[in-house]
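Work through the exercises below with the sequence and the model at hand. Each task is followed by its solution.

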Amino acid sequence: MKITKFLSIALVAALASSCNKGGFTKKSLNTEVDSVSYAIGMDVARNIGANFSEFDNDLFLQGFMSAVDSSEVLIDKEAAQGIIRTYMMKKQQEQRDKMEEEAKKKAEETYANEKAEGEKFLEENMTKDGVVTTASGLQYIVLKEGDGEKPEAASKVKVHYHGTLIDGTVFDSSVDRGEPSQFGVGQVIKGWTEGLQLMSVGSKYKFFVPQELAYGYQQRGAKIKPFSTLIFEVELLEIVK
């Protein structure tokens, strides 16, 4: 809901509530305008209840009357707009966080096996010869070491890669497509962002990416289920200038 629309609804609700406290004259619906007025009141009541649970009618009315007659204004116009925007953004973020937490909880219940299998795989894999584990939990093997420049987080790179699940299922492969891919180092999953910066141009590494450095609780396409551990063979061909 836009702020202006919200304020219009809240204003009418506040005035209606105030009038109700002091008493008002009930009227019959004799004209079209009467019916429209009554219908708008009903609509406002439903909307305010559905979209806003915290509201002080008396302070709202006080602010309204202060703006009307320019008396005892407690907050200037510019500051008031900032307060409204900040509050509404906070509420929207709280709602997004709540939805994300609910989605994560549901995914953990549904895909607990995938998560456990990935953790077991990485625990066993880290003991194998040649496997290096970083502080974040990313694991890798150097298949070929290059001698070129290393990219940074802000770099754009050209790579060939082959991505599989821990059971060998291929979910994406520039190698199979026969065409390298280009993208920003900082615009991919965390495991790639970290891993690419370990490589020199000309290198080929094999990365074992924990779910928390990949897509976490989110499903990606038909093959990458929530909490999937991903394996990539990556060849860094070029840092694109």
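The exercises cover the fold, one helix pair and the nonpolar core.

This is a predicted model in which local features need pLDDT of at least 70 and side-chain atom pairs count only at pLDDT 80 or more, while totals for chains, interfaces and linings use all residues. Residues are numbered from 1 along each chain as its sequence is written, and side-chain values use heavy atoms, with hydrogens and water left out.

**Exercise 1.** Determine the order of helices and strands along the chain.

Solution. Take helices (H or I, at least four residues) and strands (E, at least two) as DSSP runs, numbered from the N terminus. There are seven helices and seven strands. Their order is α-α-α-α-α-β-β-β-β-α-β-α-β-β.

**Exercise 2.** Describe how α4 and α5 are placed.

Solution. Fit lines to the C-alpha atoms over the stretch in contact, and take the angle, from 0 to 180 degrees, between N-to-C directions. The axes of α4 (residues 77–110) and α5 (residues 112–125) cross at roughly 75 degrees and come within 5 Å. Therefore α4 is roughly perpendicular to α5 (65 to 115 degrees). With contact meaning heavy atoms within 4.5 Å, A107, E108, E109 and T110 of α4 meet A112, E114 and K115 of α5.

**Exercise 3.** Locate the largest nonpolar core.

Solution. Such a core is a set of buried (under 20% relative accessible area, 1.4 Å probe, protein chains only) Ala, Val, Leu, Ile, Met, Phe, Trp, Tyr and Cys residues joined through side-chain atoms within 4.5 Å. The largest has 24 residues, and V159, W192 and F232 are among those with the most contacts inside it. β3, α7, β6 and β7 each supply at least two residues, and β7 gives the largest share, five. Not counting residues up to four places away in sequence, W192 touches V159, Y161, F183, F232 and V234.

Definitions and conventions: Angles under 35 degrees count as roughly parallel, over 145 as roughly antiparallel, 65 to 115 as roughly perpendicular and the rest as oblique. Buried means under 20% relative accessible area, exposed over 50%, partly exposed in between (1.4 Å probe, protein chains only).
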